[in-house]
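Trainee: Could we go through this one together? I'd like to hear the reasoning behind the labels, step by step.

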Amino acid sequence: MTGSAPATSRFRFGSYLLDLERGVLLRDGNEVSLRRQSFDVLVHLVRNRGRLVTREELLKDIWTDKVVTDASITQCLVDIRAAIDDNHHEKIRTLTGRGYRFELPVEDEGSSADRRAVGPREVDENALVRETSRFQRVIWATLALAAVCLVIAWFLVDRDPDHDRGGHLAQAGAAGVAAGDADIPMQASVVAVLPFDSRSPVDEDTYLAEGLADEILSSLAGRQTVSVIGGASSFQFRGGSKKDLPRLIAQLGVTHIVDGSIRRSESGLRVSVHLIDVETGQVAWSETYTSDDSDIYTIPEATATAILRALGKTPQANGQENKSAPDPGAYRAYLAARALLRNPLISNSSNLQRAIAMLEDAVERDPGLAEAWALLALTRLNIAVMQPGREATGFRNRDPEVRLAAARMEAEKALALDPSAVDALLALAIIDYRARLIPLTEAESRFRAVLEVRPENPDVNTRMGMMLLEVGRVRDASDHFARAARLDPLNVTTYGFYLPSLVNTGRSGEAQRIIESGRAPWYIGSFQQLEHTLVAGQADAARAWLESARTFPAYGPHGVTPIPGKDPAAKKTLDGLFERLVAVEASGDTATDNRLPEDFIAAADAGLILHTYVALLLGAAGYDDPVFDMLQDRLNVDDLYIRSNLFRPAFARLRAVPRVMQLFDAGTQLDYWMTTRRWPDFCADPGLPYECDEAAQRYLDNR
């Protein structure tokens with residue numbers, strides 16, 4: 001920024017402090033992460049609070065020596081609004097076509113030289129576990145409100161099969177904009193593709209409609225000229241929930257929505273698609289295709305091209321222009337499988353069986369259908385990783401290693417047909433990394449290569465983050481999880497990694513705001529929450545967690561679940577173990593229950609709880625020696641989840657002694673560090689009683 005800084009260099013608004021001397025934004029004393037340009041834009045808006053700041057003014061003041069587009073400003077506003085919880089654009093108002101105005105009252109606090117020095121408070125690991133009962137009330141109230149809204153939406157949803165869905169959404173959009181709830185600038189093209197409706201009497205057309213929408217989403221994302229919200233988020237808005245456009249816009253942060261429907265008639269299949277501009281509430285583009293099923297495969301690419309042109313973009317060639325016509329039955333099976341894999345109940349074994357069977361049928365009908373081979377590889381891979389050694393119907397082999405080999409073959413077939421098939425590239429990288437066929441250094445290179453092809457793919461960013469977690473680069477991993485969360489904001493899987501990475505890097509305040517926003521409702525009652533209470537030494541909070549957990553009928557893989565379990569005795573067993581764990585935390589002495597580790601491990605061996613959570617909970621409670629032995633055993637059987645969790649706060653005491661290099665050797669992280677010299681984040685801790693490189697070399701010399 002140009003010009004000399006005014007005397008005032010500290011501005012307070014609400015619970016935030018903008019400290020220009022230190023170049024940080026603080027919330028309740030905790031630093032909030034902001035990119036340099038986003039920080040500078042916030043400073044300019046705060047200094048000019050109450051008045052209109054034009055986009056031209058921001059470009060001139062912030063980017064004095066660079067030529068950038070309006071999209072740079074929009075991205076900064078997205079970052080700032082996320083940082084200050086301005087989901088409804090009430091704190092920073094967008095004046096359409098004119099600029100922005102900072103609306104909050106601001107208190108000038110002068111410079112730090114004019115007052116007693118105030119630094120950021122020490123990171124409070126307990127920030128996530130405070131006021132547990134209040135969070136629970138918020139979550140339950142949210143769920144209750146959602147139920148009421150669904151009832152209202154049922155009565156409001158239009159049942160007229162000839163109704164124009166595009167016009168319907170446009171009216172809702174206009175109402176939202178008028179109310180100020182969808183105040184999103186047009187210059188940043190962020191598109192959400194919603195699942196299409198089927199107005200056909202044929203049940204199978206429901207899958208065809210949603211699969212076609214998902215294929216359009218994939219085609220748009222592959223062009224990389226607009227940002228496309230991940231399907232795990234946009235496909236949550238089905239049926240009547242599409243009417244709540246203000247909520248959709250606020251949760252997804254979009255400027256445009258793609259919606260549509262299909263209907264069968266005597267003349268064939270009619271596919272209607274609409275592009276809605278959420279700022280104006282108007283239909284920006286629409287088209288109706290008539291297909292006899294033999295050319296339906298042309299609709300996704302044609303639609304993506306037309307949408308980009310409607311948005312003022314120049315469509316780039318993506319290698320699919322001369323694609324040969326697939327077998328119609330194979331393509332329908334492929335689309336149906338895509339729809340099933342977007343189903344929120346995909347973990348249901350019957351759905352998995354049907355999706356895999358459909359994809360196998362697709363490639364049998366048409367061995368040249370590259371996208372079906374790629375999706376089959378990625379799906380089979382995910383099951384092999386998620387359900388190791390567990391028999392599941394719908395798969396030809398129950399052995400996970402055999403499944404991995406089958407997935408590898410399928411990915412190679414896809415790449416032989418289409419070398420740019422992202423699902424296949426990602427599947428191959430995961431398979432070789434998961435099976436330890438390549439060193440971690442090459443695994444990182446492979447993931448980065450896929451990321452270069454699809455830098456805005458949320459799944460690729462999540463996988464990149466997972467790999468970086470495994471080598472202790474938690475802050476770098478958190479950046480990729482943040483990108484994935486921004487692109488797929490309602491994807492609970494992403495937050496399962498993102499929240500712990502925020503806590504591990506001293507950003508508990510940011511994690512708490514995500515929880516309070518309702519984007520991670522599973523956190524209340526999760527084993528992660530219990531882990532955090534134990535790390536923070538909060539016996540009362542751990543007791544509150546247990547009392548709440550007792551009200552649920554069962555435990556799932558990651559915490560409590562409202563779905564009753566098949567074995568009531570399992571719930572009773574775990575309740576008893578958690579009771580003993582809380583008692584140890586309250587006493588502050590693990591010697592009061594020396595048998596607890598043995599009994600917890602037995603429960604894990606019986607399949608009642610994952611070994612990873614047992615290690616984390618026991619580590620957080622202070623059972624260092626039993627946990628060290630357990631981690632060695634689990635690493636020897638190639639426990640992927642243990643490797644990626646070695647850098648959690650629960651294991652901080654283990655990392656404080658040089659013998660931890662034994663674990664890193666077993667997990668192959670040591671080879672990665674010695675080769676790249678990229679040491680894990682904890683090695684920079686000034687309180688660490690040893691130098692990582694020296695300890696590693698001594699260990700290797702004596703190995």
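Trainee: What makes α1 mostly covered?

Mentor: Buried means under 20% relative accessible area, exposed means over 50%, and partly exposed is in between, with a 1.4 Å probe and protein chains only. By that cut-off, nine of the 12 residues of α1 are buried, so the helix counts as mostly covered. Among them are Phe39, Val41, Leu42 and Leu45, and Asp40 and His44 are buried too.

Mentor: Before we go on, this is a predicted model: local features need pLDDT of at least 70, side-chain atom pairs count only at pLDDT 80 or more, and totals for chains, interfaces and linings use all residues. Residues are numbered from 1 along each chain as its sequence is written, and side-chain values use heavy atoms, with hydrogens and water left out.

Trainee: Why is α1 called a helix, and how does its span fit what is expected?

Mentor: Helices are DSSP runs of H or I with at least four residues, strands are runs of E with at least two, and both are numbered from the N terminus. α1 covers residues 36-47, which is 12 residues, so it passes the helix cut-off. The expected span is 1.5 Å times one less than the number of residues. For α1 that gives 16 Å, and the helix reaches 17 Å from its first C-alpha to its last, which is close.

Trainee: How do you know that Cys683 and Cys692 form a disulfide?

Mentor: The rule asks for a pair of cysteine sulfur atoms within 2.5 Å. The sulfur atoms of Cys683 and Cys692 are 1.9 Å apart, so they qualify. By this rule the count comes to one disulfide. In general, a disulfide is a covalent bond between the sulfur atoms of two cysteines.

Trainee: Why is the disulfide of Cys683 and Cys692 left-handed?

Mentor: The torsion about its S-S bond is about -95°, so it gets that label.

Trainee: Are Cys683 and Cys692 buried or exposed?

Mentor: Cys683 has a relative accessible area of 18%, so it is buried. Cys692 has 4%, so it is buried as well.

Trainee: What makes β5 and β7 a pair?

Mentor: Two strands pair if DSSP finds at least two bridges between them. β5 and β7 (residues 99-102) have two bridges, in the antiparallel sense, so they meet the rule. Thr54 is partnered with Gly99, and Val53 with Tyr100. β6 and β7 are joined by four bridges and also run antiparallel, with Ile92 opposite Phe102.

Trainee: Why do β5 and β6 stand at the edges?

Mentor: The three strands form an open sheet in the order β5-β7-β6. β5 (53-54) and β6 (92-95) each have a single partner strand, so one side of each is left without a neighbour in the sheet.

Trainee: Which strands are at the edges of the open sheet of five strands?

Mentor: That sheet has the order β4-β3-β2-β1-β8, with antiparallel pairing. β4 (30-32) and β8 (107-108) are at its edges, each with a single partner strand, so one side of each lacks a neighbour in the sheet. Within it, β1 (residues 10-13) and β2 (residues 16-19) are joined by four bridges, including the one between Phe11 and Leu18.

Trainee: Which strands pair with β12, and in what sense?

Mentor: β9 (residues 190-193) runs parallel to β12, with three bridges, and Val193 is partnered with Val258. β10 (residues 197-198) pairs with β12 in the parallel sense over two bridges. β13 (residues 268-277) is antiparallel to β12, with 10 bridges, and a hairpin of two residues joins β12 to β13. β12 (residues 256-265) is also mostly covered, as seven of its 10 residues are buried.

Trainee: How many nonpolar residues are in the lining of the second largest pocket?

Mentor: Nonpolar means Ala, Val, Leu, Ile, Met, Phe, Trp, Tyr, Cys and Pro, charged means Asp, Glu, Lys and Arg, and the others, Gly among them, are polar. By that split, the lining has 11 nonpolar, five polar and five charged residues. α18 (492-504) and α27 (652-655) each supply at least two residues of this lining.
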